[in-house]
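Student: I'd like to learn how to read a model like this one, feature by feature. Could you walk me through it?

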Amino acid sequence: MLLRHLEQFPGGTWQECWEASGLNEAKTPVRDLEVTGERRSFITTGLKTVLVLRLIQPSLEAFRANKFMGYPSMFLPAQGDPRLDEFVAAVNRHEVSQVHRDHALFDVAFALTCHGLTFADLGPEAMLYHSQECRRLGLTTANIGDPGRHQGQVAWQVLHQMGHFPDGTPPRMKELLLPGQRSIAELVARRPIDSEPVRQLIIDYLTRRASEVDYSTLKNLARTIAHTFWRKIETINPGQCDLHVDHAVYAQWKAELRFRENGEPRTDAEHILLQIRSFYLDLHSWAVEEPERWAVWAAPCPVSRGDLRGFGARRRRLQERTDDRTRQRQPLLPILLAHVETRLEDAQNFLSLASSASPGEHLAHQGRSYRRAVEERLDFVGDPVVHAREVESKELIDVTALEESLFWEWATVEVLRHTGIRIEELVELSQLSVRQYQRPNGEVIALLVIAPSKTDRERVIPMSADLFHVVAAIIRRLTRHGRKIPLISRYDQHEKTWSAPMPFLFQRQRGGTRAVISPQRVLRLLSRRCETLAEQHVAFRGLVFTPHDFRRLFATELVNSGLPIHIGAALLGHLNLQTTRGYVTVFNEDIVKHYQEFLMRRRALRPEEEYRDATRGEWKEFEEHFDKRKAWRDPPRRGPPRTSRRTRGDRHEGRSRAGGPHQGPPCRRRDSPAGREVLRGRRGPGNGQPGPGQPARRHPRLAMVESARDAGDGPDDLSARPRSPHHRLSPKRAASHTARTDGQGAVLGVWRGESSLVCDGG
């Protein structure tokens with residue numbers, strides 16, 4: 001039937017007639033040539049037979065426009081190739097689901113049919129070309145129109161395992177598809193620079209720095225120097241050929257730096273200025289070491305220290321925002337943990353209930369009615385993939401995939417909160433990370449070894465019982481049915497490299513391949529959980545947990561629970577204790593709690609007789625002394641109270657920010673006698689010494705102190721009674737101090753000289 005249709009078109013071969021008919025470019029199936037259903041089926045079967053016999057070679061689009069049932073089972077045996085029969089046997093042994101085995105057989109038959117190849121000619125280049133073309137045309141098997149998929153990934157793995165590909169071919173197709181590290185010249189070439197000498201200088205500078213930094217830092221440095229800085233300088237001042245940047249040019253560049261190219265405000269401007277300043281200062285130091293190479297490029301740094309003024313203050317503001325973020329999330333962490341654990345328990349109960357039901361049987365779960373699906377398939381280990389259809393909404397639920405997804409969510413959250421590790425360290429955990437250590441007393445401790453990441457230093461975390469339970473659950477899931485944890489490679493998105501094959505713990509079966517869970521997927525699953533919780537808890541609205549939030553919460557809990565900070569730094573992998581302090585958020589309740597514990601410990605070390613109950617007379621004496629001290633130290637104020645904060649300049653002018661003369665106490669006002677007396681005693685403006693004709697500096701409250709002393713409340717020259725050990729002074733300092741009493745022997749305070757109160761008797 002099909003051949004009679006092709007005979008109507010010119011051509012000396014069936015291939016020429018096929019192309020002349022227009023069916024090779026058409027995206028409509030050949031069954032549209034017929035009207036009745038039976039004849040439509042016959043013409044499709046005829047095309048299938050013609051393709052198996054290799055009478056015509058269709059295009060990729062023409063082949064995929066037609067639906068062939070069982071095409072691999074008919075095409076592959078018809079070729080009569082023993083190696084092709086070995087491939088079919090290897091596919092049936094491969095540890096993937098039956099669906100993906102069928103896809104692998106179809107992919108090879110598809111490639112051989114459309115490209116006119118024999119199985120011996122199907123090398124890695126041909127397979128990669130076929131995959132890229134299918135992806136470009138949106139013809140990926142079982143994912144029509146999905147641009148993120150690639151054709152033939154399972155077939156590639158089987159061909160590699162059976163030794164069909166040459167030596168040195170990667171075991172997975174993705175290792176050729178994902179980009180690797182670019183050379184320094186390529187990194188700089190991505191930002192075109194007009195001046196060839198400056199471009200070569202940047203390449204040489206980055207080449208020398210490459211041994212000190214990782215690839216992601218090097219890439220960021222190349223973007224900052226070549227594009228953000230120098231390319232913009234050339235745009236502002238065309239013809240700039242050296243590093244001597246004019247002040248006006250630099251000022252314009254600095255003004256443009258405040259905004260990104262899309263017009264949004266830039267938040268990392270200070271960091272860019274630091275990198276540019278480091279670039280110039282590195283050239284200065286290298287010019288001293290190798291003047292013949294670098295001296296010609298030594299130039300004044302346009303980024304001055306003044307440009308970086310306030311950087312420390314901005315860092316403190318950032319630290320304050322980070323602490324506030326931690327304080328917001330700490331009370332919400334138990335809610336998130338309970339939510340994740342409850343969802344996993346519900347999914348496990350649902351899977352157990354659905355697995356025990358017969359196909360087509362009705363079941364109830366959490367007040368909803370379901371019916372187990374009749375058609376089931378097997379997963380890669382041979383277990384049935386359980387589906388259930390909700391009776392009311394007719395929604396088909398993959399119960400097996402649901403339980404699998406929620407398990408990894410639970411495992412991710414639990415490991416993050418019990419270890420405080422970075423997201424890169426989480427996905428790099430492997431079976432080799434689980435160790436044990438035997439203490440001298442014979443006790444065996446489970447350890448989690450964290451591979452070097454940011455600080456390039458390996459560290460060890462003793463596993464708690466909760467953490468050990470989570471790790472054991474992960475290993476049990478990966479080794480069920482007596483299997484070993486598969487060895488797979490992991491792609492590092494930052495370093496653009498593939499790791500050696502390792503038994504990673506956080507690996508999942510994704511379609512026909514196994515892959516390590518990516519950091520982006522971890523961020524998405526945490527975001528989804530927070531969005532779900534926001535429907536029930538108002539505090540979660542607009543709030544997201546990130547892996548680094550768990551790290552800061554872990555550090556805060558460690559230190560605030562009494563663990564020494566240097567031990568916390570070792571657990572977190574910090575080389576500097578200041579870094580650990582930046583991770584720890586102090587809560588007011590922790591301050592009160594720990595200070596009270598300190599007082600109780602100090603009290604336990606002191607004699608008990610020092611803590612006897614006060615008598616009625618002693619208590620009355622204390623109250624009288626307190627009233628006298630308050631009246632003497634805090635005289636009544638005159639004028640209205642201060643309602644605004646005054647700056648240093650305001651104080652010098654004697655005015656508040658609200659305007660008008662300052663109406664403080666008379667001893668502080670310039671227009672009062674006491675105020676003029678104090679001002680005459682100020683130091684000179686020069687080197688800190690009294691000015692010409694000025695007496696030595698006197699304390700601002702000298703007049704008030706002298707009046708109080710004349711009234712009988714000032715310091716008396718009496719010897720002080722013995723003090724408690726924490727109030728003692730050294731002999732050298734004690735010689736310059738006097739004790740002030742209330743006239744009856746009770747010490748009210750210790751004074752240095754005439755006017756400086758050191759400590760009071762309270």
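**Reading the model, feature by feature**

Tutor: Let's start with one residue: tyrosine 491 has 11% relative accessibility, so it counts as buried. Bear in mind throughout that this is a predicted model.

Student: Which ring does tyrosine 491 pair with, and how are the planes set?

Tutor: Its partner is tryptophan 498, with the ring centres 5.2 Å apart and the planes at 50 degrees, so the pair is tilted. Tryptophan 498 itself is partly exposed, at a relative accessible area of 23%.

Student: How many aromatic pairs are there by this rule?

Tutor: The count comes to 24. Take tyrosine 205 and phenylalanine 279: their ring centres lie 4.8 Å apart and their planes meet at 85 degrees, which makes the pair edge-to-face because anything over 60 degrees falls in that class.

Student: Which parts of the chain does that pair tie together?

Tutor: Tyrosine 205 belongs to helix H12 (residues 196-209) and phenylalanine 279 to helix H15 (residues 269-289), so the pair joins parts that are 74 residues apart in sequence. Both tyrosine 205 and phenylalanine 279 are buried. They also belong to a cluster linked by ring pairs, along with Phe229, Trp230, Tyr250, Trp253, Tyr280, Trp286 and Trp294.

Student: Let me pick one member of that cluster. Is tyrosine 280 buried or exposed?

Tutor: Buried: its relative accessibility is 1%. Tyrosine 280 is found in helix H15. Setting aside neighbours within four places in sequence, tyrosine 280 is in contact with Phe229, Leu243, Val245, Ala299, Pro300, Cys301 and Pro302. For the last of these, proline 302, the C-alpha to C-alpha distance from tyrosine 280 is 8.6 Å, at 22 residues apart in sequence.

Student: Where do charged groups sit over rings?

Tutor: Here are two cases. The charged end of arginine 293 is over the ring of tryptophan 294, 4.3 Å from the centre, and tryptophan 294 is in the cluster we just went through. In the other case, arginine 477 places its charged end over the ring of phenylalanine 407, 3.9 Å from the centre.

Student: On to helices. What describes two packed helices?

Tutor: The angle between their axes and the distance between the axes. Now the case here: the axes of helix H19 (residues 399-419) and helix H23 (residues 547-560) come within 7 Å and cross at roughly 35 degrees. The crossing of H19 and H23 is right-handed.

Student: Which residues meet where H19 and H23 touch?

Tutor: From H19 you have Val413, Leu416, Arg417, His418 and Thr419, and from H23 Pro547, Phe550 and Phe554. Sorted by class, that contact has 5 nonpolar, 2 polar and 1 charged residues.

Student: Why do residues three or four places apart point the same way in an α-helix?

Tutor: Because an α-helix has 3.6 residues a turn. You can look for that spacing on the H23 side of the contact, where Phe550 and Phe554 both take part.

Student: What about helix H9: how many of its residues are buried?

Tutor: In H9 (residues 153-161), 7 of the 9 residues are buried, so the helix is largely enclosed by the rest of the structure. The buried ones are Gln153, Val154, Ala155, Trp156, Gln157, Val158 and Leu159. They pack against helix H6 (82-93), helix H7 (98-115), helix H8 (124-137), helix H10 (174-177) and strand S13 (513-516). After H9 comes glycine 163, with a positive phi near 75 degrees.

Student: Which residues other than glycine have a positive phi?

Tutor: Glutamine 366 is one of them, with phi near 55 degrees. Glutamine 366 sits in the loop between strand S1 (362-365) and strand S2 (368-372), and at 56% relative accessibility it counts as exposed. Histidine 481 is another, with a phi of about 60 degrees. The loop holding histidine 481 runs between helix H21 (465-478) and strand S10 (491-492), and histidine 481 is exposed too, at 55%.

Student: And the protein as a whole?

Tutor: The protein has 31 helices and 16 strands, and buried residues make up 39% of its 762 residues. Among contacts with a separation of 6 or more, 53% are between residues 24 or more positions apart.

Methods. Residues are numbered from 1 along each chain as its sequence is written. This is a predicted model: local features need pLDDT of at least 70, side-chain atom pairs count only at pLDDT 80 or more; totals for chains, interfaces and linings use all residues. Side-chain values use heavy atoms; hydrogens and water are left out. Helices (H or I, at least four residues) and strands (E, at least two) are DSSP runs, numbered from the N terminus. Buried means under 20% relative accessible area, exposed over 50%, partly exposed in between (1.4 Å probe, protein chains only). Rings of Phe, Tyr and Trp (its six-membered ring) pair if their centres lie within 6.5 Å; planes under 30 degrees apart count as stacked, over 60 as edge-to-face and the rest as tilted. A charge sits over a ring if NZ of Lys or CZ of Arg is within 6 Å of the ring centre and within 35 degrees of the ring normal. Axes are lines fitted to C-alpha atoms, for helices over the stretch in contact, and angles run from 0 to 180 degrees between N-to-C directions. A crossing is left-handed if the near helix is turned anticlockwise from the far one by less than a right angle, and right-handed if clockwise. Contact means heavy atoms within 4.5 Å. Ala, Val, Leu, Ile, Met, Phe, Trp, Tyr, Cys and Pro count as nonpolar, Asp, Glu, Lys and Arg as charged, and the others, Gly among them, as polar.
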